Amino acid sequence: MVLTNSYLTRWYRLLAAALLATAALTSTPLLAEKTYELKFATLAPAGTTWVKLLQDWADDVEKQSNGRLVFKIYPGGVQGDEPEVLKKIRFGQLQGGAFTGYGIGQIYSPTRVLELPFLFNNIEEIDYVRNLFMPEIEQGYRDHGYELLGWMEVGFVYFFSKTPIKTLDDLKQRRIWNWQGDPLGEAFFNASGLSPVPLSIIDVYTSLSTGLIDTVYAPPLGAIAMQWFTKTHYITNVPMANGIGSLVVSRRFYQNLPQDLQKLLKRTGTAVGEQLVTATRKDNVDSLEILTAKGMELVTADEDLQTPALQEIRIRAGESLMNNGYIPEATINRINQWLQDFRSKQAAETRHAPD
């Protein structure tokens, strides 16, 4: 049989078409089945509201991505304290985490202006100021190698102690825990004339048990979650600050995701953050009731643990943080102006409200 040029040409075309079809059939499923794993750490113990909502988020993302993006959640501090978790994210051992203010301070420290002691009077003030500040926070995270997925809170922070604390002098006599290496905590204690005991958060429960410390600060929900309430007997009724939190992922990991998974992660992260804020606020109120029902005594502080004395502590702490560059002066001034504007508006509305 003699193969003509036209026959060979048709044969090569058919072969090329077959090869292209085979390549399409074999490569398309591989691309569709590529998966990404987000290893995500949190200090919150398993079984808490925080971890339950995080797991719901993980399940939702896996379902909506058809299994292309999956979480592996590490609760209860098993990956270490927040500085250790951030270190593991930088080295690629983890990709994200849920952080409190301490960890946030190592990502973008100006964010912690929202945790200045005795700054806010209520959650309406918190929400107003945070919403105005949020674009700067998000950009600050990006500039430092992280993507903010969702905002959360740990809530108003109180002193939990083995003996009653009613005055500043009472505080000075206590062995108070301070989160080791936390600049904001150090600024607060220095401004208050207190000498705390610096420890990793992971060592707090044991140190309460041994008597190394006798006083801690935490939101009511946190005191229950970490079991610190079992080693203390009193809660001072003046909140020290409002603890912030956020859901964070490595910017490198985020940018390596396909566009649709980036949008999915951001959209669902924002939603779960809002759920966490709502749930945390409710659970902190409920937790305070549970703690008093269990026999813990809510102590009413005397005058020197009330305003305006506390405002002087806030001002001194803010000045210290400005001087060491942790929070810029312009940021503190802007937050104070927003807060003043909101309070003036609220006062005007109250004056003009019908009887």
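These questions and answers deal with the cavities of a predicted model.

Q: How many cavities of 30 Å³ or more does the structure hold, and what makes such a space a cavity?
A: The structure holds four of them. Each is called a cavity because a 1.4 Å probe fits there but cannot get out.

Q: What is the volume of the largest cavity, and which residues lie nearest its centre?
A: The volume is about 560 Å³. Thr 100, Val 154, Trp 179, Ile 201 and Pro 219 lie nearest the centre, out of 35 lining residues.

Q: Why is Trp 179 called a lining residue of the largest cavity?
A: A lining residue has an atom within 4 Å of a cavity point. Trp 179 is among the 35 residues that line this cavity, so it has such an atom.

Q: Which element gives the most to the lining of the largest cavity?
A: Strand S9 (241-250) does, with five residues. Others that each supply at least two include helix H2 (49-64), strand S4 (146-161) and helix H7 (183-192).

Q: How is the lining of the largest cavity divided by class?
A: It has 24 nonpolar, seven polar and four charged residues.

Q: What makes Glu 82 the charged residue in the lining of the second largest cavity?
A: Glu 82 is listed in that lining, along with residues including Tyr 74, Gly 77 and Phe 99. Asp, Glu, Lys and Arg count as charged, and the lining has one charged residue, so that residue is Glu 82. Seven nonpolar and four polar residues make up the rest.

Q: How much space lies in the second largest cavity?
A: About 60 Å³. Strand S1 (36-42), helix H3 (82-90) and S3 each give two or more residues to its lining.

Terms used:
Residues are numbered from 1 along each chain as its sequence is written. This is a predicted model: local features need pLDDT of at least 70, side-chain atom pairs count only at pLDDT 80 or more; totals for chains, interfaces and linings use all residues. Side-chain values use heavy atoms; hydrogens and water are left out. On a 1 Å grid over the protein atoms alone, a cavity is a set of points where a 1.4 Å probe fits but cannot get out, and a pocket is an open set with protein on both sides within 12 Å along at least five of seven lines; lining residues have an atom within 4 Å of a point. Grid points are joined across faces, edges and corners, and a volume is the space filled by probe spheres set on the points. Helices (H or I, at least four residues) and strands (E, at least two) are DSSP runs, numbered from the N terminus.
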